[in-house]
Amino acid sequence: MNRPRFGGLWQDRDFLRLWAGESVSLLGAQVTQLALPLAAVYQLHASSTQLGLLNAANYAPFLGLTLFIGVWADRRRRRPLMIGANLGRAVLVGTVPLCAALGALNIWYLYLAALAIGVLTVVFDVSYQSYLPSLIDHDHLVEGNSKLSASSSVAQIGGPALGGLLISWMSAPIALLVNCVSYLVSVGSLSTIRRAEPLPEQPAERVSTARSIAEGLRMVLRNASIRAIALEAGTYNLCWMSLQTVFVLYAARHLGMSPGTIGLVLGAGAIGSLLGALGAGWLKERLGLGRAVMLELALCCCAPVLIPLAPGRGALSYALYITAFALCGLGSTMSTIHVVSLRQVITPPHLLGRVNAGCRFIAWGPLPLGALIGGWLGDEVGLRPTLWITAATFVLALLWVAFSPVRGLKDFPTDLPHQRTSASGSASASGSEDVDVEAAAAAAAPSPS
């Protein structure tokens with residue numbers, strides 16, 4: 001199949017449709033990320049523990065369902081799953097302002113809505129990361145992931161600011177209507193993609209769900225690079241959710257920030273994410289893949305210490321808050337672009353959904369735990385001490401990759417078994433490629449000398 005090459009993905013209309021729809025939905029999702037907890041804080045007077053439970057409900061499906069959804073996504077075309085997930089999320093998000101208008105909104109309904117939205121988010125995310133390699137060539141993956149990450153970064157800049165303004169002008173529940181519309185726009189955009197998605201290869205004999213899950217997890221755990229990436233992400237996300245849970249409450253109640261100001265602080269900090277998306281390719285070319293990833297992770301794992309270090313209010317404190325979030329965005333976005341592209345390259349296509357699901361299980365599973373820990377510590381020891389504890393724990397995430405083969409990689413591995421068989425038109429469906437993939441990844445690393 002001929003693919004646009006001159007001008008890269010800018011000339012690929014189907015990718016541009018995916019990119020446009022995802023960009024709009026990401027902006028709306030950022031509004032919800034701020035509006036949902038603030039609805040609990042301002043409308044329902046939620047405590048730190050209740051806010052932790054709300055965030056935990058949103059991310060609990062990543063722990064309980066990801067592996068099963070990964071198997072499901074590997075047996076079906078991914079684009080219809082993405083369309084269905086966004087339709088469902090549009091309906092669920094729209095019910096919150098409806099309940100508020102009817103006077104029926106309560107914290108338990110927010111828990112339920114967050115949980116259901118989380119289930120559909122798992123379906124979308126697992127399908128989305130597995131769909132991209134079937135839409136574009138492997139040599140365009142970094143460019144594609146960079147463009148999508150740039151959209152995420154722009155959404156992080158504009159979404160919280162837009163959400164904060166909408167909440168100030170109207171209310172947090174009404175602001176959620178923006179996200180409802182954005183999901184519908186994404187559905188329309190995905191529906192116009194013309195490039196046919198190949199039907200996933202079906203095994204010659206029926207394989208049980210448990211065995212399918214085991215095959216994906218075996219690939220994650222046997223491959224030292226993928227394993228280290230997943231464990232680092234899990235540790236980082238646990239800390240990040242604790243930080244996010246506590247900071248919103250800390251800013252609103254102890255610093256006296258308005259919703260608009262909180263949104264502007266978070267949005268301004270996300271400028272780093274945009275710079276990271278634009279500069280990821282350049283940094284990799286200058287330093288090599290492994291060194292670039294290590295530098296990126298060092299930035300995002302060390303920056304959170306600036307938040308509790310800030311004295312409280314005033315220009316210096318605001319500068320430190322913005323700098324911390326900017327460095328987190330810069331480092332995490334660049335590292336995500338590189339490690340997701342690495343995983344997409346070294347994973348055989350027939351395992352991609354399950355491997356992505358396995359990585360999501362390890363990386364996103366700790367999110368509800370982080371929210372619960374942050375909320376509980378916030379009530380037990382105070383919000384600012386919790387920020388210090390969280391900042392110190394962030395640094396531990398860096399160690400997973402520091403002692404892995406990723407640190408030594410100069411570039412993405414080439415001439416892997418599944419790449420050779422794909423080129424010859426006879427891709428293998430066996431799980432015996434796992435050890436060969438790891439050997440090829442190690443061969444791409446420089447000599448220890």
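## A guided tour of an all-chain view, a helix and two residues

Begin with the whole protein chain: among contacts (heavy atoms within 4.5 Å) between residues at least 6 apart in sequence, 88% join residues at least 24 apart. The model is predicted, so local features need pLDDT of at least 70 and side-chain atom pairs pLDDT 80 or more, while totals for chains, interfaces and linings use all residues. Residues are numbered from 1 along each chain as its sequence is written, and side-chain values use heavy atoms, without hydrogens and water.

Colour the chain by secondary structure next. The view should show 20 helices and zero strands; these are DSSP runs, numbered from the N terminus, with helices (H or I) of at least four residues and strands (E) of at least two. Of the 449 residues, 57% are buried, meaning under 20% relative accessible area with a 1.4 Å probe, protein chains only.

Now select helix α15, residues 315-346. At 1.5 Å a residue, counted for one less than the number of residues, its 32 residues should span 46 Å, and the end C-alpha atoms are 47 Å apart, which agrees. Because 24 of the 32 residues are buried, α15 is largely enclosed by the rest of the structure.

Move to Glu22, in helix α1 (residues 13-43). Glu22 is buried but has no salt bridge, that is, no side-chain nitrogen of Lys or Arg within 4 Å of its carboxyl oxygen. Arg89, the nearest side chain of opposite charge (Lys and Arg positive, Asp and Glu negative; His and chain ends not counted), is 5.8 Å away. Beyond four places in sequence, Glu22 touches Phe124, Tyr128, Leu148 and Ser186.

Finally, select Phe15. Its contacts beyond four places in sequence include Leu9, Leu132 and Leu148.

Key: Buried < 20%, exposed > 50% of the residue type's maximum accessible area, 1.4 Å probe, protein only.
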